[in-house]
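Work through the exercises below with the sequence and the coordinates side by side. Each task is followed by a solution that proceeds step by step.

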Amino acid sequence: MNFISIVVLLLIGLESGEAQSKAEIRLDTGSPTLVIDGEIYPPYAYMSYLGEEEYYKEIAATGIHIYNIPAYLGEGGINTISGIGPFRTPIWLGEGKYDFTDLIKDFEKIIQSDPKAKVIIRFYLDPPQWWTSLYPEASAHLPNGSTFRQCFASEIWRNKTGEVLGDCLDWLLGSRYAEYLAGIHVASGFTEEWFYHPKQYQDQNPDRLKAFRQWLKGRYGNKEALQKAWNNISVSFENALLANIDEHAKSKEWRNLDQEQHYIDTYRFQAEVMVDNIAYFSKIVKQKSHGNLLTGAFYGYHYFVGDPRRGHGALAKLLDCPDLDYLSSPNSYNRVIGEDWPPMAAVNSVQLHGKLWLTENDTRTSITTLLKDRSNGIAPPGQYENGVWLGPEDLKTSVSFLWKNTARMLAYGYGGWWFDMWGGWFSDPELLNVLDKTQQLYTRFPPSSGEKMKSQVGVIVDEELSFWDPTYGHLTENLISNRYPLAKTGNSYDLFLRTDLERMSTSQYKLVWLLGLLELHSEEETRIQRLTKQGVTVLWTNGKGTNIFRPNRDQLFLEGKLKWTASELGELWEGAGVHRYIETQDVFYIGRNWMGIHTIKGGKKNITFPFKAQIIDPIKNEILTDSSSQLELVMDPKSTILLRVNPL
């Protein structure tokens, strides 16, 4: 590594690190568990784009010791539509020239605030402008003849960026910060989330076309297979073109399964390019750290993002990556009271493949600050000020939201970080108390698979559904919007990718919902027959309506039935023999010996368990009942309750 920048020569004179943390994901308890230096850590962290010592100290006092910090190779902002600026100065100054000043500042702030700190760096890998100018052949080529950042299919960009990431890791692992470093979150693209920037939808870089044709060879093997799939006898691996995925929507109907395969292949290629990049950079992290650093990324937003141009349709492939430890997304952006905010991916599939899910709890509170008030010129005028960027008006609702985050993480067996975007969002004793208690609950109560309260409903989704949607998401949303009533049926549900249907165990389910599978494969039809013979009710909702397959009954087709209400689903659950713990249409979570209820109206809640249990209010440290299958609660409006359920 040849550091020739004066600033870098000064920085590498820091005391060399002698110790290095070892962070890993284990499956000791049957679900992915975070282990650092041999110790199990609650999988909860804290992040702020504008990290300040006063907030780091508050967080350390809650018992959280994992921190995420941002780092940027270039000077470009993460949102190329809003025009937002970067949150740190660029690291990559020139060929072989680096400036780690901001990384040092961030580490020093955290270490001074919390000597027990473990840090995950979110490395944003979009290149600086000087590099784009120097390597136009590796940049996105826009229709107007200009270049833009990187071409994601460019091997030059990937290899050069990999070298730079390796240099940064060499510096980090040779510095005194090595003992505090726990992982690298590889990030790139729009909003750091491995989305294509909208300008890249029309990338005309020849390398992209070349990579697409090579991808087609790998997928089809011979020209005849390609011609049959595309229904085009003149297409070949030498003349195949990418579909225009940035044209105006011409139809409001699902794509023709026989005539538009070239669109599907274009989207598949787009998505696989992204996951190949994630895997490539994750492998560099593992190699440089000898396997001691965690690797993670944002990806797999098929359960919320319906625009296939974003590139999030290849989660199944990424789950086979041996060098990736965790995946993330924010919670769905329907941030109103009384609704579930599920993660944007099939979390059960992520866990099935041994990966940890970490959700981004960027939960707005009544003391949420605006970027324009916290930064100097980062926020463009009028941006990040309205709508989703505003929190609830009162602290009580804010506390309820945080407890809802906690209840979902505990019941569904995943972790996350509290994302204090601009700083100060959680800086109140009542809000910090939720973060504190969340840490304690994970430690106080041993992990449990919750055998007696496992979900009896399995939902199967197709991450490629949006590929068939020419409206860039409107048709897709009609189907996946069922994620909201699903949370109000009085039970939990498991969510898997279609590609895991044969791999997942279905023995616990009384109802399986194939949600958004436009057509069935022959093996899926066979699976439906097997399930109904085993007494399982199967729903299949496609683009035309819903088929209901009940054991020992004729098939029922409900034409046009794509969206369901919570009460309609509740009736289906009861007809299939699914236990409903509660009949009010409150958001309800249960699993792993945890139960959560989130309500708007409050009032009396009658809960019925299919077993006798000891019920504990873990916040008040109070036993509500030692042995009962019934529980009556009275909840305040706009509140969330979290209970520990210990079956007897």
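**Exercise 1.** Determine which residue of strand S15 is the bridge partner of Tyr46, and place strand S4 among its neighbours.

Solution. In this predicted model, where local features need pLDDT of at least 70, side-chain atom pairs count only at pLDDT 80 or more, and totals for chains, interfaces and linings use all residues, the bridge partner of Tyr46 in S15 is Trp418. Residues are numbered from 1 along each chain as its sequence is written, and side-chain values use heavy atoms, with hydrogens and water left out. Helices (H or I, at least four residues) and strands (E, at least two) are DSSP runs, numbered from the N terminus, and two strands pair if DSSP finds at least two bridges between them. Strand S4 (residues 44-47) is joined to strand S15 (residues 415-419) by four bridges, and the two run parallel. Two bridges join S4 to strand S5 (residues 66-72), also in a parallel arrangement, and there Met47 has Asn68 as its bridge partner.

**Exercise 2.** Sort the residues of strand S4 by the way in which they point, and state whether they are buried or exposed.

Solution. Begin with the general pattern: in a regular strand the side chains alternate between the two faces of the sheet. Tyr44 and Tyr46 point one way from S4, whereas Ala45 and Met47 point the other way. All four are buried, a term that stands for under 20% relative accessible area, with exposed meaning over 50% and partly exposed in between (1.4 Å probe, protein chains only).

**Exercise 3.** Identify the residues that touch the most other members of the largest nonpolar core, and list the contacts of Ile121.

Solution. A nonpolar core is a set of buried Ala, Val, Leu, Ile, Met, Phe, Trp, Tyr and Cys residues joined through side-chain atoms within 4.5 Å. The largest one has 173 residues, of which Leu103, Phe107, Ile121, Phe123 and Tyr299 touch the most other members. Helix H8 (residues 261-288) supplies the largest share of this core, 11 residues. Taking contact as heavy atoms within 4.5 Å, and leaving aside neighbours within four places in sequence, Ile121 meets Ile69, Ala71, Leu103, Phe107, Leu172, Leu181, Gly183, Ile184 and His185.

**Exercise 4.** Give the order of the strands in the open sheet that includes S23 and S26, and name its edge strands.

Solution. The five strands follow the order S22-S23-S26-S24-S25, with antiparallel pairing. At the edges are strand S22 (587-591) and strand S25 (622-635), each of which pairs on one side only. Within the sheet, strand S23 (residues 594-599) and strand S26 (residues 639-647) run antiparallel and are joined by six bridges, and Gly596 stands opposite Leu642 in S26.

**Exercise 5.** Find which rings have Arg122 and Lys404 over their faces, and classify the aromatic pair of Phe609 and Phe611.

Solution. A charge sits over a ring if NZ of Lys or CZ of Arg is within 6 Å of the ring centre and within 35 degrees of the ring normal. Arg122 lies over the face of Phe419, at 5.4 Å from the ring centre, and Lys404 over that of Trp341, at 3.6 Å. For ring pairs, the centres of Phe, Tyr and Trp rings (for Trp the six-membered ring) lie within 6.5 Å, with planes under 30 degrees apart counted as stacked, over 60 as edge-to-face and the rest as tilted. Phe609 and Phe611, both buried, form a tilted pair, 5.8 Å centre to centre with 40° between the planes.
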